[in-house]
Amino acid sequence: MWICLPNEEIARSLGPIEDVDVVVWDLDGEPPAGVAQAEFLVGPQFFRGGQLQTLRTLGQLRHVQLVSAGFEHALPFVPPGATLSNAPGVHDAATAEMALTLILAAQRNIPDYVDAQRRGRWESSLSPGLADRRVLVVGYGHIGRAIVRRLQPFEVDVSVVASRARGGDGLIDRVHGIEELPDLLFGADIVILIVPLTPATEHLIDSDALARMRPGALLVNVARGKVVDTDALIEACGSHRVRAALDVTEPEPLPQDHPLFATPGVFIAPHAGGNTDAFLPRIGRFLRQQVDAYRAGSPISVQNG
């Protein structure tokens, strides 16, 4: 069996597997020998240029494995007859860390202090803080639960929203349904987005949703940029009604002159949530499990929520 991996680093993290031949190719340029025999392909962490279009031409593929939690970008490009899976669990800790980092930075005025340091100024200010805040986590899959686990020691009141209402799970007493979101926005000091991008969640946070948020509330997006209406967010933050801390944006990457960069109350990270040293060992272990399951005809791990 041949598998195609996107780079040498991921190939080393996977290590040798008996009776499995590996070809390294990131879908750019001419395919090397072995690609035509590969039935299992692992995509690059970030697809660029025409890589997705190239993916669609590989008709021999039987399975496409992503190394990201997101998957919607690849769905239209999967060759006929092939299956697709994302990487549940691989990015849970890193993305949850980023969510907490964005919250703490915004709630404790860290961007202002960094700016003051660069100017050689000692400027202290009163900050909202995190303790005693009411936090709403929108999305309760693998990463949503990881975020909740990390939030709880900070002495906050956490509520969660998922696609459907259900009972508690030992971590949370109750899971609210997405239809409850408009009412829940009224009471939240911090709103964290970690939903998949689907037709139902595109522009989930629009001008109406932003208007429902408490004055001065913080919107944290570690989901996908299109979950938020960018123009509406610029207006809401520009008028100082709400604040935002973003690891994802629409468009992405942001052009150098994009108004979001200069919007008051907006703190932006360059989609770095999963970009830590933990990625390679975790993806290596995960891919070995996926390849073993594929060869055995067992179910492939996938998480779409």
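At the start of α8, which backbone nitrogen does a side-chain oxygen of D229 reach? Hold that thought for a second, everyone, and keep in mind that we are looking at a predicted model.

The partner is D231: the D229 side-chain oxygen comes to within 3.1 Å of the D231 backbone nitrogen. At the other end, just after α8, H240 adopts a positive phi of about 65°.

Now for the helix itself. α8 covers residues 230-238, and its buried residues are T230, A232, L233, I234, A236 and C237. Those buried residues pack against α7 (207-212) and three strands, β11 (218-221), β12 (243-246) and β13 (266-268).

That brings us to the largest nonpolar core, which has 31 residues. V138, V191, L193, L210, M213, L219 and L233 have the most contacts inside it. At least two residues each come from β6 (134-138), α6 (181-187), β10 (190-193), α7, α8 and β12. Our helix α8 gives the most to this core, with five residues.

Take L210 as a guide. Beyond its neighbours within four places in sequence, L210 is in contact with I205, L219, A232, L233, A236, R241 and V242. There is also a second, separate core of 30 residues, including I103, L130, V175 and I190.

Last stop, please: V248, in the loop between β12 and β13. Is V248 buried or exposed? V248 is buried, because its relative accessible area is 2%, and the cut-off for buried is under 20%. Setting aside residues up to four places away in sequence, V248 touches N221, V222, A223, R224, G225 and H271. Thanks for listening!

Methods. Residues are numbered from 1 along each chain as its sequence is written. This is a predicted model: local features need pLDDT of at least 70, side-chain atom pairs count only at pLDDT 80 or more; totals for chains, interfaces and linings use all residues. Side-chain values use heavy atoms; hydrogens and water are left out. Buried means under 20% relative accessible area, exposed over 50%, partly exposed in between (1.4 Å probe, protein chains only). Helices (H or I, at least four residues) and strands (E, at least two) are DSSP runs, numbered from the N terminus. Contact means heavy atoms within 4.5 Å. A polar contact is a pair of N or O atoms within 3.5 Å; within protein, one must be able to donate a hydrogen and the other to accept it, and residues adjacent in sequence count only if both atoms are side-chain atoms. A nonpolar core is a set of buried Ala, Val, Leu, Ile, Met, Phe, Trp, Tyr and Cys residues joined through side-chain atoms within 4.5 Å.
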